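This report describes the sheet of a predicted model and the elements that surround it. The sequence and the structure are shown below.

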Amino acid sequence: MTHPSIPGFTEHRVRVADDVTLNAAVGGTGSPVVLLHGFPQTHLMWRHVAADLAADHTVICPDLRGYGASDKPAETGPESYSKRTMARDIVRLAAELGHDRFTLAGHDRGALVAFRAAMDHPDTVSGALFLDILPTLDMWDALGGVSGAVGFHLYLMAQPPGLPEEMIQASADTFFAYFLDAWTNAPDAIPADIRRHYLDASAAAVPSIVADYRASAGVDVDHDAADRAAGSRLAMPVTVLQQDWGASLGYHAQGLWHAWVTDLRHQTVSCGHFMAEEDPKLIAEEIRALARR
């Protein structure tokens, strides 16, 4: 499947496991920054930020396991799409490209992978930026009552294999387009060709996308709970940018993050969920500042 590309970047195929090769766009020179995309997107969500950062960083933008042009292994068990497994993919990808330490930024699903990478590989992740998430354990706690209906897709894709895949595949364009429309404050931030790419890529990856979400209703919760019980915290510099979900869902985001992070910069932003496309200058500036901390 052909897709748009980031000007000046070269796409690589990198094996990260016996049955998984990731697609990654790489460009620029300087200290390495790895950017992880969200749902329902691919690495192209970083196109503006990556082009900006490439002036002074080596920028690596992979498609996550199960997304875009990366491999989509069958879900054979809870670890197939656990964030621990997907984080290990990213650490191995960076190592294969010659980087054993890097700044890591993630949005949405990619931010959950980035959180797990920072937790499991603290000697590898020098700093982490998380865009518009809570850690998985806190996310489920926050979705209470009718206000939690905003996360209806989380409950749908948490169901056992079969029903969610069939329902989503039957109306894939409508399903995935809903999020692109509902979660942005600036529709022109996702132009028609990029939108079409996201919809086509997502429709081609329904089983693996559902498996990713299903893991977040099971094994990912277990991993977060084990870290919380052990008192584990992220010691590297961390930046979190979020919409003000706490105002509608009734939680204090900064307080929740402080329980996980010792060196935290937390900011509520006014743009929509797709921050890297709606305000790429802000996100690039935040990543540069993080890399200097």
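## The sheet

In this predicted model, eight strands make up an open sheet with mixed pairing, and their order is β1-β2-β4-β3-β5-β6-β7-β8. The edges are taken by β1 (10-17) and β8 (264-268); each has a single partner strand, so one side of each is left without a neighbour in the sheet. From one strand to the next, the twist averages 20 degrees.

Strands of a sheet pair through backbone hydrogen bonds, in either a parallel or an antiparallel manner.

## Strand β3 and its partners

Strand β3 (residues 31-36) pairs with strand β4 (residues 57-62) in the parallel sense, over four bridges. Within this pairing, Val 33 stands opposite Val 59 of β4, and Val 34 has Ile 60 of β4 as its bridge partner. The connection from β3 to β4 passes through helix α1 (residues 47-53), forming a β-α-β crossover that is right-handed.

Strand β3 also runs parallel to β5, to which four bridges join it. Here the bridge partner of Leu 36 is Gly 106 in β5.

Five of the six residues of β3 are buried, under 20% relative accessible area, so the strand is largely enclosed by the rest of the structure.

## Helices across the sheet

Helix α3 (residues 109-120) lies across β3, β5 (102-107) and β6 (125-131), and runs at about 145 degrees to β5.

Helix α14 (residues 280-292) lies across β3, β4, β5, β6, β7 (238-242) and β8. The direction of helix α14 is at about 155 degrees to β6. Strand β3 is thus among the strands crossed by helix α3 and by helix α14.

Terms used. Residues are numbered from 1 along each chain as its sequence is written. This is a predicted model: local features need pLDDT of at least 70, side-chain atom pairs count only at pLDDT 80 or more; totals for chains, interfaces and linings use all residues. Side-chain values use heavy atoms; hydrogens and water are left out. Two strands pair if DSSP finds at least two bridges between them. Helices (H or I, at least four residues) and strands (E, at least two) are DSSP runs, numbered from the N terminus. Axes are lines fitted to C-alpha atoms, for helices over the stretch in contact, and angles run from 0 to 180 degrees between N-to-C directions. Contact means heavy atoms within 4.5 Å. Buried means under 20% relative accessible area, exposed over 50%, partly exposed in between (1.4 Å probe, protein chains only). A crossover is right-handed if, with the strands pointing away from the viewer, the path from the first strand over the helix to the second runs clockwise.
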